[in-house]
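Me: I have a model open and would like to talk through its strands and sheets. Could you take my questions one at a time?

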Amino acid sequence: MMQFMLLFSRQGKLRLQKWYQAYPDKTKKKITRELIATILARKPKMCSFLEWKDLKVVYKRYASLYFCCAIEQDDNELLTLEVIHRYVELLDKYFGSVCELDIIFNFEKAYFMCDELLLGGEIQETSKKNVLKAIAAQDLLQEDETPQGLFEDHGLG
Amino acid sequence: MPAVRGDGMRGLAVFISDIRNCKSKEAEIKRINKELANIRSKFKGDKTLDGYQKKKYVCKLLFIFLLGHDIDFGHMEAVNLLSSNKYSEKQIGYLFISVLVNTRSDLINLINQSIKNDLQSRNPIHVNLALQCIANIGSKEMAEVFGHDIPKLLVSGDTMDVVKQSAALCLLRLFRTSQEIIPGGEWTSRIIHLLNDQHMGVVTAATSLIDALVKKNPDEYKGCISLAVSRLSRIVTASYTDLQDYTYYFVPAPWLSVKLLRLLQNYPPPDDPGVRGRLIECLETILNKAQEPPKSKKVQHSNAKNAVLFEAISLIIHMDTEPNLLVRACNQLGQFLSNRETNLRYLALESMCLLATSEFSHDAVKKHQEVVILSMKMEKDVSVRQQAVDLLYAMCDKTNAEEIVQEMLNYLETADYSIREEMVLKVAILAEKYATDYTWYVDVILNLIRIAGDYVSEEVWYRVIQIVINRDDVQGYAAKTVFEALQAPACHENMVKVGGYILGEFGNLIAGDQRSSPSVQFQLLHSKYHLCSPMTRALLLSTYIKFVNLFPEIKTQIQEVFKQHSNLRSADAELQQRASEYLQLSIIASHDMLATVLEEMPVFPERESSILAVLKKKKPGRVPENEIREHKSPVPGSTANHQEERSAAKTVSANASTDLLGLSTPPAAPTAGNTGVLVDMLGELYTSGSPQPHANNVAAQNAYNPAKFVCKNNGVLFENDLIQIGVKSEFRQNLGRITLFYGNKTSTALQNFSAAVTNPTGCIGKLNVQSKKVDPTVEAGAQVQQMVNGECVFDYPDAPSLTVTFTCNGTPQKLSLRLPLTVNKFFEPTEMTGEVFFARWKNLSGNEQRSQKIFKATQPMDNTAIRTKLIGFGMQLLDGIDPNPENFVCAGIVHTSKQQIGCLLRLEPNKQAQVSDLLQCRCFFILLRVNVCETLSGTGH
């Protein structure tokens, strides 16, 4: 089971965090700090896996973003790399060649996408088509709503 | 600012842009605080906010939280959003709740109500939103509220596939929180049959759930074995076009394959020959595919394909019945060792560690020794080098031990600091385990100290000393070798310790040679003395006094050292004490007495190397192995009791496999205070009284008898098959220190270990006790210490209780004992003349100052035994002052922090009747009197 997933930038800024195991907030912050520092210190050609406490950490860099997952001893490292890749593919397809800014400004979408792919730390749907279909269905529901916000933000509401 | 998809919130985008434009951390914090104040006022304001505004503010709060700031409000507004009829608002509400889980009781009911409504929605998107929220939070309350509905959703024929997928994983999450929610009976087979579902996504999600259920109750779910095998078989024989979107970079359903292979690792190889044959076919196919040319150059293709391969190899290793597959797996991994991909090399080394422990593939792994040694030396990534070291450790046996140990020693000189300590432990273990010639072992350890002295822990050098002491064939060699090693101009302090100890014991064996004459040995050691820490100096002082015994001709030289100002008046109390006591000993004691006191150390009891325990502790995730498992029988027993078999197999792998090699020593009962006291062993000679708890007298002290410890400070407090609890205590004035030693006698670790000291209510404020926490895990054969400090504030009635709890092999154990901390421990014996004694005795003749008790002696009268007890009780036994020589009279002062309480005692054995003794105790404090009478009579005398 995946314990948590972190997305952070090359500058060490956390962009997304998803915890599948309950930790106190303080611990979460500590873990995040330590892992970001450890991973940023590693050289590009190094192996994507590291042992960390009693967990295995799998990470991969895509452009300016690092994707990092912590899994248990029983879990498969190589396939975790592909979970990350699938997630990146999904974001890419949805945003149309995704960049870090897309994830910053649309973090909620990134979360929704993540919930379709992984649930409770296990893979839920591996088919790219099915995940995108689910997200499209959600967007369709939203479009039925009146775009009330548009007016309000311009002071017309 | 990039375009925002769908129904974007402009206010949010503007806020995010603002934050990004902040030039400094301070500016960012300022902007955030401004926004927080704004949101707070909006939420508190009179104007009711509409759904959109709430959503926008809640989203801003989320963003602020993601930046790493704490958010302590907004939960109520988020909960309101849950019941919105607009999907986007509901969704943000759920997101906020999931990310900022807050189980405030007033909110949880509202949240659960909203979830309940959404679960009943006809729109699957709403149902899924609710399921995802449950899975994200997964609290106990949710398990209670929804534990009933979700299983129904999962197996119902009407449920849509997407909902089933979420329901399966949601249920898994709740099951992890509270195991009782899964219904049994007919549900079992309905859940198992999800493996046959048409929809691959449903099967994938269900397999995760079933894997968890199987771990809890393997027998109930064993029907999943054949279904899993046939599903796997269909996938591995499918062409990549068959599974459409579930094919990932030309690999058919890699996630599902891996999950099925993992599921099967919960069981022994299938009983049914048909199922078993099909499974073996699958595994062969997977191995065959690994040899085929890749269908794509993309790394995703090779990762997915190899993920399945590695999982298949794990299953092959788990089954451990197919020599052919094991050897093929090994060859495949061997190819990966020289693959371009670092990730593959890393994983191949890791997997091979397991293969090395199977008797079928151990030799196949050994063929790759050269490559693995190269990996250790040449890999650029330290984590890969670490894996190579682990593998060398695992593949080591008596045929290659010398070579592997030598290579590891060579590498140690340049090894990364982060892995040195562990390497030292591994080298030390291998050298001990596979030594046929112990001179080799001594060389290896001394080399370790020379190369990586800083990383040689105490356990390592204690161990070499134990072994040298136990093997007289190596003692002369050891003495000669350390003597030579010490001649290096700069040598590590650990070398001085080992050298000091060994020369002190066996220096005489090389004294015949002029080059290592007594005086040369002494001067060599002493030349290092001033560079060493006090602990090492203390050890060297002990060596010197041993030299006085071994080599009387250098006695005066050594006495000079003891007399030196820096020793005799050292600021370090231990050094000062040793110097002065040794000096006196060397002056006063006759030669015979010296020879007795400083006799050669007795042989240490054989037991499992304590280094192994240290290594296990260093690697909590996985226990490093250097044991070849006994292969499991090709036809496993009935699965009905395979759980026991599995646990039995665990103990077998620890013990029986050692027989295979016939080299390891079986773990013997741990002895209290054995390794830790090497240095203090001589010091021990000066603390009179009961001996240390020691292995030799352990057997005799099986039962638990708290009364015994009233008159005794050290010994084995309790012992059964699982654990031995030793105690050692010291008292000074009103302070006491008790060290408890918990020794694990089993071959598995004791988990959740805790030892709590509780003060009885009657003692609160009168006795202060403080105990240190102990590690929650006591490794097999290991021993942990716990310090308990006691302060006697005032006369107290009862000793504190000690509750020891732990889990052994899954069974919880609880021991309730009494801490040997009765009030008499704080007695200081007081000498007084008969005149003074009886004057005071008469003064205390009033009823308020007197307690007496007549009790029956449980043992036949024996004056020496009574004397020993009374002395142990802590008072001064005053001989020859009582007019009746049969009587015993004692005097003592109990030190409390409030005051000192004098106490007199008289014991009148009734020899004629041989039935009862009269015990009278006089002092001002009633509690103490009664206490003294009760405790002492409780001991039988």
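Me: How many bridges pair β3(B) with strand β4 of chain B?
Reply: Happy to help, and please keep in mind that this is a predicted model. Strand β4 covers residues 723-732 of chain B, and β3(B) pairs with it in the antiparallel sense. One position to look at is G715(B), which stands opposite V727(B) in β4(B). The number of bridges between β3(B) and β4(B) is four.

Me: Which are the edge strands of the open sheet in the order β3-β4-β5-β8-β7 of chain B?
Reply: This sheet has five strands, and their pairing is antiparallel. An edge strand here pairs on one side only, and that holds for residues 715-719 and 767-771 of chain B. The edge strands are therefore β3 and β7 of chain B.

Me: By how many degrees are neighbouring strands of this sheet turned against each other on average?
Reply: The order to follow is β3-β4-β5-β8-β7 in chain B. With direction ignored, the average turn between neighbours is 25°.

Me: In the three-strand sheet, what is the bridge partner of S801(B) in β10(B)?
Reply: That open sheet runs in the order β6-β9-β10 in chain B, with antiparallel pairing. Its edge strands are β6 (750-758) and β10 (811-818) of chain B. Strand β9, residues 801-808 of chain B, pairs with β10(B) over eight bridges. For S801(B), the partner is R818(B).

Me: What share of the residues in chain B is buried?
Reply: Chain B has 40 helices and 16 strands. Counting residues under 20% relative accessible area, the buried share of its 941 residues is 56%.

Terms used:
Residues numbered from 1 in each chain as written. Chains lettered and ligands numbered in written order. Predicted model: local features only at pLDDT ≥ 70, side-chain atom pairs only at ≥ 80, totals over all residues. Heavy atoms only, no water. Helix = DSSP H or I, 4+ residues; strand = E, 2+ residues; numbered from the N terminus. Buried < 20%, exposed > 50% of the residue type's maximum accessible area, 1.4 Å probe, protein only. Pairing = 2+ DSSP bridges. Axes fitted to C-alpha atoms, helices over the stretch in contact; angles between N-to-C directions.
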